[in-house]
Amino acid sequence: MAEISKEQVKHVAHLARLALSEDEVEKMTKQLGDIIDYAELLNELDTDNVEPTTHTLDLKNVMRKDEPRKWINKEDALKNAPDQQAGQFRVPSILE
Amino acid sequence: MSLFDYTLKELQEKLHNKEITVSDLVSDSYTRIRDVDDQVKAFLTLDEENAMEKAKQLDEQLGADASILYGVPLGVKDNIVTKGLRTTCASQFLDNFNDPLYDATVVQKLDEQNTVTIGKLNMDEFAMGSSNENSSYQKTRNPWNTDYVPGGSSGGSAAAVAAREVFFSLGSDTGGSIRQPAAFCGVVGLKPTYGLVSRFGLVAFASSLDQIGPITRTVEDNAHLLQAIVGHDQMDATSADIEIPNYSEALHQDVKGLKIAVPSEYLQEGVNQEVRESVLNALKVYEDMGATWEEVSLPHSKYAVAAYYLLSSSEASANLARFDGVRYGVRSENANNMLDMFKMSRSEGFGDEVKRRIMLGTFALSSGYYDAYYKKAQKVRTLIKNDFDKVFEDYDIIIGPTTPTPAFKIGEKIDDPLTMYANDILTIPVNLAGVPGMSIPCGFSSEGLPIGLQLIGKHFDEQTIFKAAHAFEKATDHHKKRPALGGDQ
């Protein structure tokens with residue numbers, strides 16, 4: 001049985017940049033535990049000699065020419081931003 | 001009978017004979033939406049003024065060489081970006097995303113064929129869900145019985161077509177999100193081969209699985225819509241550069257001698273009796289047309305759901321990192337520093353299911369757990385893909401149910417994530433293998449809810465699916481039934 005602790009849930013929430021309330025941590029600990037428990041099913045399978053699949057297409061790297069091209073201008077890039085100043089995205093202070 | 005009961009071919013005849021105009025089609029669409037969408041709740045955003053204006057222009061420009069999609073009303077799932085038209089992914093995080101900068105490649109391609117975009121369709125938030133109950137705006141309802149879910153995540157896209165609010169629509173399918181709602185709503189939904197349709201402009205959920213596809217009332221129209229959206233796109237690094245066949249030509253080919261594989265795992269326990277009977281009846285129809293079928297095994301099917309949730313959630317946790325409250329979307333007003341701004345914006349903007357999957361994915365990718373969960377799931381994915389490859393060595397097509405049961409009631413499964421996930425058990429393996437799959441109507445339950453037949457083809461062999469689906473449609477009447485909504489009889 002996979003154990004996931006409340007502390008682990010809080011750590012993962014920090015990694016995922018989510019602020020969870022105590023109630024949410026409680027609920028998430030139970031639900032993630034259940035899902036991870038279920039995922040233990042995969043351990044029935046011996047996969048020692050199996051290659052992982054990242055996706056199903058036989059793709060080759062395709063490089064385009066490294067040339068500047070018209071895409072989005074600055075005004076457009078900023079127009080859906082929650083906050084901006086002097087032609088740039090504005091964010092709260094990084095340092096306390 | 002509404003204009004939306006005709007086929008594309010019939011509509012074009014009427015347009016060219018001047019029996020109808022594009023303006024008639026587009027205003028019919030909005031009239032129908034006004035009549036029934038308070039029951040169905042499929043639409044999040046309408047674009048009536050622009051659509052009517054475009055219709056007028058198209059009426060003036062109609063020429064003899066017009067495309068078969070000319071002037072036809074289209075609905076677009078709300079995770080497909082539309083220039084200048086609000087695109088929310090049914091998430092509060094994108095509540096203010098009113099002015100997207102560009103059209104997705106599929107939208108651009110359809111614009112070149114002169115379809116008319118009517119509006120944006122409801123979905124589970126960021127395409128995570130199987131019932132549309134995870135939309136942060138509204139619960140779309142099943143047009144056949146509004147106490148039931150339409151399926152998900154492309155529930156709005158399937159319900160709007162079934163309800164004749166639009167002629168056809170675009171959805172996206174990561175683990176069944178086109179096929180499952182198509183089955184629940186009694187319409188035709190195709191998830192094309194991974195890589196066949198460009199995802200540029202599709203808000204990414206799980207990039208190794210996501211695919212855009214057409215939802216229509218008939219198989220023939222599905223082929224026409226697919227034809228318009230396929231093709232290599234240099235804006236999508238996973239877009240396949242292959243020769244594109246003519247899908248309509250495949251429609252009328254004979255299914256005599258077609259070798260059908262029926263996975264025993266797809267008819268076992270958990271699959272409802274009425275669904276099983278409908279599928280067996282469908283196989284009988286194929287036998288009568290000269291096809292043969294045999295039971296086969298896809299032995300790793302039972303591992304697909306677990307592998308899928310680990311892989312798709314891992315990819316989602318990376319893809320959804322872009323929602324940080326800096327460049328677009330909603331920013332929390334309660335944060336005093338940058339880190340809190342990220343955390344609080346995301347926590348206020350995302351719903352429960354999205355948070356749950358981001359958490360699961362972050363956990364599966366985190367140091368110490370990566371090999372045990374993420375990499376293990378990737379290896380199991382190989383085994384699942386090999387199952388399909390093996391069957392396709394001896395058979396032309398795989399046929400089974402799309403879902404284990406018909407639509408369930410609103411509220412029935414929402415509190416138990418694992419029960420909800422199990423609903424996708426027959427569609428998920430198809431995404432993991434990257435092969436194409438279609439759902440077509442093959443019957444109705446005793447409660448009058450549609451049942452879907454799933455047809456699965458080889459990589460890039462959509463033609464065989466169209467051939468088999470069209471033959472079945474010609475031999476049966478399931479697709480001709482329509483839900484009773486508003487004043488309909």
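Here are some short exercises on a predicted two-chain model, each with a worked solution.

Residues are numbered from 1 along each chain as its sequence is written, and chains are lettered from A and ligands numbered from 1 in the order in which they are written. Since the model is predicted, local features need pLDDT of at least 70, and side-chain atom pairs count only at pLDDT 80 or more, while totals for chains, interfaces and linings use all residues; side-chain values use heavy atoms, with hydrogens and water left out.

**Exercise 1: Where the chains meet**

Find how many residues each chain brings to the contact, and how much area is buried.

*Solution.* Begin with the contact, meaning heavy atoms within 4.5 Å. Chain A supplies 57 residues and chain B supplies 67 residues. Next comes buried area, the accessible area (1.4 Å probe) that two parts lose on being put together, summed over both. Between chain A and chain B this is about 5,400 Å², with 68% given by carbon and sulfur atoms. On the chain A side, L42(A), T56(A) and N80(A) lose the most area to chain B, together 13% of what that side buries.

Now look for charges. A salt bridge is a side-chain nitrogen of Lys or Arg within 4 Å of a carboxyl oxygen of Asp or Glu. Five of them cross the interface of chain A and chain B. E44(A) forms a salt bridge with K302(B), with 3.4 Å between the closest N and O atoms. You can also look for D76(A), K79(A) and D99(B), which a network of salt bridges links.

**Exercise 2: A strand and its neighbours**

Work out whether β4(B) is enclosed or open, and which strands pair with it.

*Solution.* Helices (H or I, at least four residues) and strands (E, at least two) are DSSP runs, numbered from the N terminus. Buried means under 20% relative accessible area, exposed over 50%, and partly exposed in between (1.4 Å probe, protein chains only). In chain B, strand β4 covers residues 168-173, and six of its six residues are buried, so the strand is largely enclosed by the rest of the structure. F168(B), L170(B) and S172(B) point one way, whereas S169(B), G171(B) and D173(B) point the other way.

For the neighbours, two strands pair if DSSP finds at least two bridges between them. Strand β2 (residues 73-77) of chain B is parallel to β4(B), with three bridges; here G75(B) stands opposite S169(B). Strand β6 (residues 211-216) of chain B runs antiparallel to β4(B), with five bridges, and G213(B) is the bridge partner of G171(B).

**Exercise 3: Joining distant parts of chain B**

Locate three salt bridges in chain B and say which parts they join.

*Solution.* Over all chains, the whole structure has 26 salt bridges.

- R164(B) and D5(B) come to 2.8 Å between their closest N and O atoms. R164(B) is in the loop between α5 and β4 of chain B, and D5(B) is in the segment before α1 (8-16), 159 residues apart. R164(B) counts as buried because its relative accessibility is 6%, and D5(B) is buried at 17%.
- K9(B) and E220(B) have closest N and O atoms 3.6 Å apart. K9(B) is in helix α1 and E220(B) in helix α7 of chain B, 211 residues apart. K9(B) is partly exposed at 44%, whereas E220(B) is buried at 13%.
- K54(B) and D111(B) meet at 2.5 Å, N to O. K54(B) lies in helix α3 (residues 48-61) and D111(B) in helix α4 of chain B, so the pair ties together parts 57 residues apart in sequence.

**Exercise 4: Unusual backbone angles**

Find where the backbone of chain B has a cis peptide bond or a positive phi.

*Solution.* Recall that most residues other than glycine have a negative phi, and most peptide bonds are trans. The bond from G152(B) to S153(B) is cis, with omega near 5°. S153(B) sits in the loop between β3 (116-121) and α5 (155-162) of chain B. The loop between β3 and α5 also holds N132(B), a non-glycine residue with a positive phi of about 70°. C89(B), in the loop between β2 and α4 (105-112) of chain B, has a positive phi of about 55°. N132(B) is buried at 0% relative accessibility, and C89(B) is buried at 0% too. Finally, N114(B) follows α4(B) and has a positive phi near 65°.
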